[in-house]
Amino acid sequence: MLRAIFKLIWYIIWGLIIYKIFSKFSHKSNKKSNFNSKEAPVNERKVIKSKVYKDPICGTFVDPQISESFQLNGKVYYFCSKECKEKFIKEIDGK
Ligand SMILES: [Zn+2]
């Protein structure tokens, strides 16, 4: 009988330890998912607000908010990198 009670207490202790570990993990993942869900709408708004432009050099679609830009004859061109922007400017100078 005493052994049975001891076993029960042992199981409860282990149960609590496992529960604590699991709750820690789930708490962490909840925090992460909350963080993501907070960030996601901002990104979605960015995508909705800002058009995606095609890099005329390499053909990559770029977000104008984070890309290199260059104005030519009132038109704005967007580039994935400085290298592409420089290539574009060189091409214009060449012509
Ligand atoms: Zn590019």
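In E4, phenylalanine 70 has tyrosine 77 as its bridge partner. This pair offers an entry into the model, which is a predicted one, and leads directly to the strands that carry the two residues. Strand E3, residues 68-72, and E4 run antiparallel and are joined by five bridges. Another position along this pairing is taken by glutamate 68, which stands opposite phenylalanine 79 in E4.

The wider setting of this hairpin may be given briefly. The protein chain contains two helices and four strands, and from the N terminus on its elements follow the order α-β-β-β-β-α. Of the 95 residues in the protein chain, 8% are buried. As for contacts in the protein chain between residues at least 6 apart in sequence, 18% of them join residues at least 24 apart.

The turn of the hairpin deserves separate attention. Two residues lie between strands E3 and E4, and asparagine 73 is found in the loop that links them. Most residues other than glycine have a negative phi. Asparagine 73, by contrast, is a residue other than glycine with a positive phi, near 50°. Asparagine 73 is also exposed, because its C-beta atom has 4 others within 10 Å, and a residue counts as exposed with 12 or fewer.

From the turn, the path along E4 leads to the nonpolar core. The largest such core comprises six residues, namely Val62, Tyr77, Tyr78, Phe79, Cys80 and Cys84. Strand E4, residues 75-79, makes the greatest contribution to this core, with three residues. One member of the core, phenylalanine 79, has contacts that can be listed individually. With residues up to four places away in sequence left out, phenylalanine 79 touches Asp55, Ile57, Val62, Ser67, Glu68, Phe70, Cys84, Lys85 and Phe88. Among these, Val62 and Cys84 are themselves members of the core, while Glu68 is the residue opposite phenylalanine 79 in the strand pairing.

Beyond E4, the chain passes through a loop to helix H2, residues 82-94, and serine 81 has its place in that loop. Serine 81 is partly exposed, because 15 other C-beta atoms lie within 10 Å, a count between the limits of 12 for exposed and 20 for buried residues. Although serine 81 and glutamate 68 are 13 residues apart along the chain, their C-alpha atoms are separated by 6.1 Å.

Helix H2 also includes isoleucine 92. Isoleucine 92 counts as exposed because it has 11 C-beta neighbours inside 10 Å. A further distance relates this helix residue to leucine 72: the two are 20 residues apart along the chain, and 9.5 Å separates their C-alpha atoms.

Technical notes:
Residues are numbered from 1 along each chain as its sequence is written. This is a predicted model: local features need pLDDT of at least 70, side-chain atom pairs count only at pLDDT 80 or more; totals for chains, interfaces and linings use all residues. A nonpolar core is a set of buried Ala, Val, Leu, Ile, Met, Phe, Trp, Tyr and Cys residues joined through C-beta atoms within 7 Å. Two residues are in contact if their C-beta atoms, placed from the backbone, lie within 7 Å. Two strands pair if DSSP finds at least two bridges between them.
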